[in-house]
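Biologist: Please take me through the contacts in this structure, one question at a time. I should like each answer to show its reasoning.

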Amino acid sequence: MKNNFPTEEYSVNAIDLQEADISKEEILEIYWDYVNIIPQLQSQAQHYANLLQLGNKINSVKWRVKDPSHLIEKIIRKRKEELKKEKSNSKYLEININNYKDLVNDLIGLRAIYLFKYDWQEMNDFILQNFEVCADEEIIIYHTENDNLGYMAQLCTRQKISTNQFSWVWGLKN
């Protein structure tokens with residue numbers, strides 16, 4: 001970990017900060033707070049990975065903690081995107097050192113691998129029974145181009161399918 005925050009190295013410059021309407025001091029405050037909690041997040045990620053590994057059909061689990069520079073770049077990018085909109089009530093426009101841990105929902109990332117497509121329902125049920133899942137967050141399934149995903153699409157409210165990615169917001173269709 002670096003001892004300072006060289007904004008040029010992390011693709012953050014004065015123009016980006018100005019366009020994002022956030023000060024370098026605010027960004028540095030979030031950055032250093034986040035650097036200090038990384039060991040705690042690593043411990044939590046390992047804990048959740050261990051719990052996820054208990055699922056019968058789950059073959060392997062990988063985890064990661066968001067890189068501090070990627071957190072800063074995300075905050076700035078999201079703020080810039082939202083400020084360009086005519087009306088926005090984005091959580092990123094209110095972000096600060098006191099709330100960023102609640103607003104950014106990918107500080108820890110988990111990936112569960114299962115071997116057979118037909119095991120998806122059991123794995124999904126295990127996750128929903130044992131973890132709190134963000135209701136409005138997209139669920140992404142990586143697949144091959146020729147996979148038939150119709151049985152999954154019947155269960156979702158919004159969906160999009162691309163060449164090798166199927167994503168949806170979970171919820172039963174009416």
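Biologist: Which side chain meets Glu 19 in a salt bridge?

Modeller: This is a predicted model, in which local features need pLDDT of at least 70 and side-chain atom pairs count only at pLDDT 80 or more, while totals for chains, interfaces and linings use all residues. Residues are numbered from 1 along each chain as its sequence is written, and side-chain values use heavy atoms, with hydrogens and water left out. A salt bridge is a side-chain nitrogen of Lys or Arg within 4 Å of a carboxyl oxygen of Asp or Glu. At 3.3 Å, N to O, the partner that meets Glu 19 is Lys 80.

Biologist: How many residues apart in sequence are the parts that Glu 19 and Lys 80 tie together?

Modeller: Helices are DSSP runs of H or I with at least four residues, strands are runs of E with at least two, and both are numbered from the N terminus. Glu 19 lies in helix 1 and Lys 80 in helix 3, so the pair ties together parts whose separation in sequence is 61 residues.

Biologist: Is Lys 80 buried or exposed?

Modeller: Buried means under 20% relative accessible area, exposed over 50%, and partly exposed in between (1.4 Å probe, protein chains only). Glu 19, with 43%, is partly exposed. Lys 80 has a relative accessible area of 18%, and therefore counts as buried.

Biologist: Which residue forms a salt bridge with Asp 106?

Modeller: The closest N and O atoms of this pair are 3.0 Å apart. Asp 106 lies in the loop between helix 4 and strand 2 (108-114), and its partner in helix 3, so parts 32 residues apart in sequence are tied together. The partner is buried, at 10% relative accessibility. It is Lys 74.

Biologist: By about how much of helix 3 are Arg 77 and Glu 81 separated?

Modeller: Arg 77 and Glu 81 form a salt bridge, with their closest N and O atoms 3.9 Å apart. Arg 77 is partly exposed at 42% relative accessibility, and Glu 81 is partly exposed at 37%. Because they are 4 residues apart in helix 3, their separation is about one helical turn.

Biologist: Why is the pair of Tyr 34 and Tyr 100 given its particular class?

Modeller: Rings of Phe, Tyr and Trp (its six-membered ring) pair if their centres lie within 6.5 Å; planes under 30 degrees apart count as stacked, over 60 as edge-to-face and the rest as tilted. By this rule there are 3 aromatic pairs. The rings of Tyr 31 and Trp 32, with centres 5.0 Å apart and planes at 85°, make one edge-to-face pair. The rings of Tyr 34 and Tyr 100 have centres 6.4 Å apart and planes at 75°, so this pair is edge-to-face.

Biologist: Which element gives the largest share of the largest nonpolar core?

Modeller: A nonpolar core is a set of buried Ala, Val, Leu, Ile, Met, Phe, Trp, Tyr and Cys residues joined through side-chain atoms within 4.5 Å. The largest has 24 residues, and those with the most contacts inside it are Tyr 34 and Leu 71. Helix 1, helix 2, helix 3 and helix 4 are the elements that give two or more residues to this core. The largest share, 9 residues, comes from helix 2.
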